[in-house]
Amino acid sequence: MRGASATLATPVDLHLHTRHSDGDEAPAELARRCVDAGLRVAAVTDHNTVAGLAAFEQAVGGRLTVIPACEVTATWRGEETHCLAYFVDPHDLRFQERIGGVHDAELGWWRTWTDRAQAIGVPLTWDDVVRHLGGHRVAYVGDYLALLLEAAHGDRRFADYTTEEYGRLVADWCRPGRPLHVEHPEKPEVVDVLSWIEEAGGVAVLAHPSTFVTGLDGSECVELLEPLREAGLAGLEVWTSWHTPADSAHLAEVCDMLGLVATAGSDYHGVRVKPWAPRPGLLPVLPADPLAVIDALHDRRPVRTSTEAGL
């Protein structure tokens, strides 16, 4: 699935990934790119981990403002969705334990998938995965499929597949009922994730939500999202490389109707993973006042007692 071409520069990027999840770059390399792009505010939002935050902040060296964050995988209305957690305390052990459980379940899924490949005669081992992708990292899905095709070189069952496009490989081999299908682990409900974020001192924003509201008018969107707002949702990611200008305009109106913060983030992973978002700070369309987004998010931070903050 391809997103919208991102060509307009903003000084605020609240959605960035490193090699601690499915990005292509180490935190220090991402920090260099952010500085070179002229960003004033950035948030590393690796999936279900805050492990890359300290290295990113150290590499930035005070040249821009870093907001502690991550992207948490959840379930909403029976489908996978993602919550961006801003201003979370990266040292909050309960929050680390909670998102770590989601991370470890997904990593275990990939290990089972690798075992399934071996079971059908593809000589792909978990040691191969660790050597190429790392042992505690949930990488980009295409990297696992590339390792599968490399291991299956010479196997006529896989001769017609390429590393350029994986859709047909997934459909033929990984869907339910196919030889490499593995049931996905249960993910936490989005309402639970909203409480995790709040308890860690953070502000919750629904990531790239256009797929959930496509075809709905404003009042229908309000009806859909109101329960999440009541449960602690503070904002929607409006300006992103996954949204067309029309998507962003529609979601900005929904934010106004619900009193939610409209945020901006490229979802940069590196040019290989997402070539339509070629560097940090590029969007298909820009918010009128990017820095005002930060103030609005900051104002939504929950008040924590000294006990809750671990003091």
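What follows is a chat between a trainee and a mentor about the structure above.

Trainee: Before we start, what kind of model is this?
Mentor: This is a predicted model, where local features need pLDDT of at least 70, side-chain atom pairs count only at pLDDT 80 or more, and totals for chains, interfaces and linings use all residues. Residues are numbered from 1 along each chain as its sequence is written, and side-chain values use heavy atoms, with hydrogens and water left out.

Trainee: Thanks! How many helices and strands are in the chain?
Mentor: The chain has 11 helices and 10 strands. These are DSSP runs numbered from the N terminus, with helices (H or I) of at least four residues and strands (E) of at least two. The chain is as compact as a globular protein of its length, because its radius of gyration is 20 Å, close to the 19 Å that the globule rule gives for 311 residues. That radius is taken over C-alpha atoms, and the rule is 2.2 Å times the number of residues to the power 0.38.

Trainee: What share of the residues is buried?
Mentor: Buried residues are 52% of the 311 in the chain. Buried means under 20% relative accessible area, exposed means over 50%, and partly exposed lies in between (1.4 Å probe, protein chains only).

Trainee: New topic: what is odd about Arg77?
Mentor: Arg77 has a positive phi of about 55°, although it is not a glycine. You'll find Arg77 in the loop between strand E5 (69-76) and strand E6 (79-86).

Trainee: And is Arg77 buried or exposed?
Mentor: Arg77 counts as exposed, because its relative accessibility is 60%.

Trainee: What about Phe87, and where is that one found?
Mentor: Phe87 sits in the loop between E6 and helix H3 (93-119). Phe87 also has a positive phi, of about 65°, and is not a glycine. Phe87 is buried, with a relative accessible area of 10%.

Trainee: How many cavities of 30 Å³ or more does the structure hold?
Mentor: One. On a 1 Å grid over the protein atoms alone, a cavity is a set of points where a 1.4 Å probe fits but cannot get out, and lining residues have an atom within 4 Å of a point. The largest cavity has a volume of about 40 Å³, counted as the space filled by probe spheres set on points joined across faces, edges and corners.

Trainee: Which residues line the largest cavity?
Mentor: His20, Ser21, His47, Asn48, His103, Glu106 and Val138 do.

How values were computed: 1 Å grid on protein atoms, 1.4 Å probe; cavity = no way out; pocket = protein on both sides within 12 Å on 5 of 7 lines; lining within 4 Å.
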